[in-house]
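Hi everyone, thanks for making time this morning. I'd like to walk you through a structure, so let me put it up on the screen.

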Amino acid sequence: ADFQSIKTKVEDGIALIELNRPDVLNAISRGMVTEIRSAFETFDKHDAVKAIVLTGNEKAFAAGADIDEMMEDDAVTLELLNQFKDWDQLHTIKKPVIGAVSGYCFGGGFELALCCDILFASEKAQFGFPEIKLGVMPGAGGTVKLTKLMGPKNALEWLWLGEPMTAKEAQKHGIINRIVAPELVVEEAMKFARTIADKAPLSLRLIKESVRYAADHSVQDGMQLERKNFYLLFSSEDQKEGMKAFTEKRYPHFKGK
Ligand code: HXC
């Protein structure tokens with residue numbers, strides 16, 4: 001596809017999406033979100049793609065939503081624009097999404113990173129919600145997700161102060177999975193993606209669905225969905241193959257059905 005604000009390629013079954021507005025530290029325009037949504041949807045449907053890696057550049061994952069673009073907006077224009085439709089759809093992707101974060105990861109950029117299933121960050125990455133300094137607040141899930149990750153007291157401290165947190169602090173709060181040397185972030189994310197690309201695709205998919213659901217629902221409700229998904233996998237050829245391969249002491253060949 002012909003994208004303006006992102007670059008994409010597919011390598012060994014892994015789709016790499018790079019945010020590409022380097023002059024403005026990858027500030028996220030509405031057009032960029034539409035392109036990310038479109039790339040996610042394309043790769044989600046594409047059989048050859050097993051996982052998606054989302055990254056920026058070494059200086060910035062993304063320094064927030066594009067301030068120039070929204071500074072003159074009013075409430076009615078925003079309601080009619082309905083830009084969060086694209087943002088909401090970023091959460092409907094079934095394949096694993098691995099984020100690789102270097103440099104600034106602020107505001108909408110942080111919210112975009114929080115849409116990823118797994119996050120690897122450079123030891124020099126900085127995460128934050130500086131919206132308070134602009135007289136606004138996060139609008140793409142920042143207050144909600146930070147609260148779920150670190151609890152209301154910690155979340156308020158970060159959101160009210162608007163100061164950046166280091167990769168170490170982000171890891172302490174369960175925001176990122178791993179801290180990696182700056183030059184290795186994308187490589188390590190790709191390596192992780194390739195490792196899970198070999199696993200049974202339907203298992204990956206239903207585990208993601210179950211975990212995401214569990215994060216937002218009661219233990220009881222979560223276990224109901226888990227059970228249904230567990231049963232569902234017994235209708236797959238991959239379950240028969242996986243268990244047969246075990247008894248035959250050989251590697252399974254999964255087909256994703
Ligand atoms: C538009 C931006 C931008 C942004 C940086 N730039 N961030 N343009 N929107 N969010 C532009 C600058 O204007 C500048 O353009 C160029 O990128 C380089 O930025 P500098 O500020 O010169 O770089 P530096 O001094 O290194 O400072 C880096 C920085 C700073 C600390 C990250 O750029 C910064 O504070 N940016 C804004 C961060 C922010 O407030 N984000 C939240 C946005 S609100 P020129 O043309 O001067 O070279 C938000 C709400 C989301 O995200 C709501 C849901 C969608």
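Let's begin with K168. With a relative accessible area of 66%, K168 is exposed, because the cut-off for that class is over 50%. If you follow the chain, you'll find K168 in helix α8, which covers residues 167-172. Now look across to V136: K168 and V136 are 32 residues apart along the chain, and their C-alpha atoms are separated by 27 Å.

Before going further, a word on what you are looking at: this is a predicted model. The mean pLDDT of the protein is 97, and 100% of its residues reach 70 or more. For the complex, the predictor gives an ipTM of 0.98 and a pTM of 0.97.

Back to V136, then. Which residues make a nonpolar surface patch together with V136? They are I67, M70, M71 and L134, and the patch comes to about 460 Å². Let me pick out M70 there. M70 sits in helix α2, residues 67-70. Its relative accessibility is 33%, so M70 counts as partly exposed, between the 20% and 50% cut-offs.

Next stop, the cysteines. How many disulfides does the count give? The count comes to zero. Take C105 as an example: C105 is in no disulfide, and the nearest cysteine sulfur, in C116, is 8.8 Å away. Why is C116 not bonded to its closest cysteine, C115? The sulfur of C116 is 6.9 Å from the one in C115, and that is too far for a bond, because a disulfide needs the two sulfur atoms within 2.5 Å.

Are C105 and C116 buried or exposed? C105 has a relative accessible area of 0%, so C105 is buried. C116, at 8% relative accessibility, counts as buried too, because the cut-off is under 20%.

One last place to visit, and then I'll take questions. Please find helix α12, residues 237-247, and in that helix E241. E241 has a relative accessible area of 17%, so by the under 20% cut-off E241 is buried. And which residue does the side chain of E241 contact? The partner is R250: a polar contact of 2.8 Å joins the side chains of E241 and R250.

To recap the two ends of this tour: K168 is exposed at 66%, whereas E241 is buried at 17%. Thanks for listening, and I'm happy to rotate the view for anyone who wants another look.

Definitions and conventions
Residues numbered from 1 in each chain as written. Predicted model: local features only at pLDDT ≥ 70, side-chain atom pairs only at ≥ 80, totals over all residues. Heavy atoms only, no water. Helix = DSSP H or I, 4+ residues; strand = E, 2+ residues; numbered from the N terminus. Buried < 20%, exposed > 50% of the residue type's maximum accessible area, 1.4 Å probe, protein only. pLDDT = per-residue confidence, 0-100. Patch = residues over 30% accessible without salt bridge, like charges linked within 9 Å, V, L, I, M, F, W, Y side chains within 5 Å. Areas by Shrake-Rupley, 256 points an atom, 1.4 Å probe, with all protein chains shown as cover. Salt bridge = Lys/Arg side-chain N within 4 Å of Asp/Glu carboxyl O. Polar contact = N/O pair within 3.5 Å; in protein donor to acceptor, adjacent residues only side chain to side chain.
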